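Subject: Structure handover

Hello,

Here is the structure for your files. My notes on one strand and one helix follow below it.

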Amino acid sequence: MRMRGMAAVAALAVLLPASAATAAPDSAPGWWAQKVARQALAAGDGWAATGAGTTGGAAADATHVFVVHDRDELAAALAGAEPKIVYVAGTIDGLAGPDGPLTCADLADPGYTLESYLAAYDPAVWGRATDPSGPIEQARVRSVATQRARTELRVGPNTTVLGLSGATLRHLTLMIDTAPNVIVRNLAFEDAADCFPRWRPTDGAEGNWNSEYDLVSVRRSTNVWVDHNTFSDGDNPDSTQPVYFGRPWQVHDGALDITHTSDLVTVSANVFTHHDKTMLIGSSDTVGPDVGKLRVTLRHNVFDGVGQRAPRVRFGQVDVYNNTFRVREPYDYSVGLGIQSAVYLENNFFDLGDGIPADRVLKDWKGTAVTELGSWVRTGTGLGGPVSLLAAYNGAHDPDFGPDAGWTPELRAYKPAPAAVVPLLTLLSGAGRLLP
Ligand code: CA
Ligand code: CA
């Protein structure tokens, strides 16, 4: 294992010439960044490599290369359909204002305060039979619209977004909607918190607070490559949120959600850390336009301490190979098998802590089968060994999943490594690895 890891580090060193390590000016892309920004997804590298292929802004002319430093520059640069490269410099905070940071109160409609919302829709007052409605709920909806206009940025087609060294997007959502051919690399995404969560007493047995914003949303889009980013709740983790009506005040939605007929997506070498609802692939059980879509490849990602949806899949043929899962409480499950899902799990590494048993890794969301090869499970401090998560699940739950998802992935640029060495390969994942 050690030799494999050193070989991987040595390979990276070969990729990074010594001159690239010299300090570049803060916001001027060096030659290496310029080279990375022009990279297309390699042939055969997951679902995004098929169809029209994924080149992002590789063909951008000189007038469509931008270095952005704040929210308004970023929003402007992302718009339009021409091939374009958007370099992100430093930390961009969606709630930064000219007179200091905006607060949730600054974004609220005059008819909304949290106190008034909690008073109006307390189950002791409103009951639990119907979701909130009326003037205060309407004011909340207006507040959401105000926040959305500021923090949700639409990405146009044919775009590469590349973070320069240390680049962070905070309190922002990249909305890739009806935008084919987009590449997102080397960014730290933090805390797309919703100021105005919606109380839904009818969601589950006890009701739930639901939020609007993902860190990155992919909707109605094809050929999207999300590579070498880090997704987290930043300094605003769920563990610090209050409880209202006996339920956690949930200000975060997905980290990277791929929904609404999106297709041909490759998610590679990202780190998802300390977040709950991590990756939703398909948002509705409706047997309709999503059928035959939602094809996604996940390789060399790290899911570190995430609660659920890593990923949760409906309809899609989803290839999940050579990923590292570090599982800790609070934990629901890792891979959710939803309606007509066809998930192919090969050579993934699972580090199960806090006494979490292997039968909790999979979860039934109306799925029927999964293909699983070569899983490696470590519990405690030992090396671990091969474990069938499918057998563990079927031994503890009914109905059983079948062992064949019905397809075999062909779009792979890498032969899957043995799962035992995957944690070494994924040391190179996340933001801050692509550029010096
Ligand atoms: Ca979402
Ligand atoms: Ca069973």
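**Strand β7 and its partners**

Strand β7, residues 173-177, is mostly covered, with 5 of its 5 residues buried. Please keep in mind that this is a predicted model.

The side chains of β7 split between two directions: T173, M175 and D177 point one way, while L174 and I176 point the other way. Residues on both sides are buried, D177 among them.

β7 pairs with two strands that I looked at. Strand β4 (residues 152-154) runs parallel to β7 and is joined to it by 3 bridges. Strand β12 (residues 216-219) also pairs with β7 in the parallel sense, over 4 bridges. L174 takes part in both pairings: it is the bridge partner of L153 from β4, and its own bridge partner in β12 is V216. L174 is also one of the buried residues of β7.

**Helix α5**

Helix α5 covers residues 114-121, and L114, Y117, L118 and Y121 in it are buried. Viewed down the axis of α5, these buried residues fall within an arc of 95°, so they line one face of the helix. On the face turned away from that buried side, α5 carries the exposed residues E115 and A119.

What do the buried residues of α5 pack against? Their contacts include two helices, α6 (123-126) and α7 (135-151). They also pack against the strands β10 (198-200), β11 (208-210) and β15 (243-244).

Regards

Key
Residues numbered from 1 in each chain as written. Chains lettered and ligands numbered in written order. Predicted model: local features only at pLDDT ≥ 70, side-chain atom pairs only at ≥ 80, totals over all residues. Heavy atoms only, no water. Buried < 20%, exposed > 50% of the residue type's maximum accessible area, 1.4 Å probe, protein only. Pairing = 2+ DSSP bridges. Arc of directions from axis to C-beta. Contact = heavy atoms within 4.5 Å.
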